[in-house]
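Dear colleague,

Please find below the structure that I agreed to pass on to you. I would be grateful if you would look through it before reading the notes that come after it.

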Amino acid sequence: MCCQSLQVGEIDVLVVSDGVLPLPTSTMATNATKADLSAWLDHMFMPQEAFDWPLNVLVARSGEQIILVDTGLGSQFSGFPRAGQFPARLKAAGIDLAAVTDVVITHMHMDHVGGLLAEGVKEQLRPDVRIHVAAAEVEFWDAPDFTQTVMPTPVPNVLRSTAASFLKEYRSNLHIFQDRHEVAPGVVVRLTGGHTPGHSVVDLASEGELLTFAGDAMFPVAFDHPEWHNGFEHDPVESERVRVGLFRELARNGGLLVASHLPFPSVGRVAIDGDAFRWVPVIWDF
């Protein structure tokens, strides 16, 4: 299964797997001891050296608008052959790229904007498609700072070039917001910062039901160890603050959570578990 549909009130939602990214486990917790990380990996039945990082995107239909939230990696990165699946999987789910009215970019890392640069994608999109991105994110990628990240060596240059290509190709389609923006009825994007200065999350709300697409604000290890920093965070301390704040918000409001790098279909809720948190997956009735 590569797509999972659900309802948030009157909003139709589809979670789409873009595939997986093989990455070193050391990027999961750059401020943890090797022993502590190793123990957590054992506890989770995960390999010690490398793991497959899930990559999810989301589609929401609200009224007459079809909104794509992030676009996956694209097919132009040979080091990640199992990602970049979203265009084919969207088509298999019966959604035509030409029907997409809006795209929300949580942040401009290559696994979130790369899909828009994949061969043939721009030609399928409508010329007036609206691409919503935070002003702080656009400004950051003019001269990105990687001094606090701990990424595999080739990644920063690829991130720079991908962000530059995205801005070059789609600048005329950008709808830049400051802090908070309603994309469609019940679909709101809001700035959180942290992971990148312009990182944003998307809230869906309809008929008393809630869902938050949290982008890269959290990763699987973050529920047990919200204080552990991820190597791809441009401001790890702020990322931790944002992550804990979102966890507490979701535990309080009982809304659904979907995130880019939680195991597909990544739909669940958050509970508080002492000083940590607990991800409670939705039980699907197929």
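The notes below cover the sheet and then the cysteines.

Please keep in mind that this is a predicted model.

The sheet

Strands of a sheet pair through backbone hydrogen bonds, in either a parallel or an antiparallel manner. Here, 7 strands form an open sheet with mixed pairing. Their order across the sheet is E1-E2-E3-E4-E5-E6-E7. At its edges lie strand E1 (3–8) and strand E7 (174–177), each of which pairs on one side only. From one strand to the next, the twist averages 25 degrees.

One pairing may be followed in detail. Strand E3, residues 50–62, runs antiparallel to strand E4, residues 65–69, and 5 bridges join the two. Within this part of the sheet, Arg61 stands opposite Ile66 in E4.

The cysteines

How many disulfides does the model contain? The count is 0. For Cys2, the nearest cysteine sulfur is that of Cys3, 3.7 Å away. For Cys3, in turn, the nearest is the sulfur of Cys2, again at 3.7 Å. A disulfide requires two cysteine sulfur atoms within 2.5 Å, and therefore neither Cys2 nor Cys3 is in one.

Are these two residues buried or partly exposed? Cys2 is partly exposed, with a relative accessible area of 23%, whereas Cys3 counts as buried at 17% relative accessibility. The cut-off for buried is under 20%, which means that Cys3 falls within it at 17%.

With kind regards

Terms used
Residues numbered from 1 in each chain as written. Predicted model: local features only at pLDDT ≥ 70, side-chain atom pairs only at ≥ 80, totals over all residues. Heavy atoms only, no water. Pairing = 2+ DSSP bridges. Helix = DSSP H or I, 4+ residues; strand = E, 2+ residues; numbered from the N terminus. Axes fitted to C-alpha atoms, helices over the stretch in contact; angles between N-to-C directions. Buried < 20%, exposed > 50% of the residue type's maximum accessible area, 1.4 Å probe, protein only.
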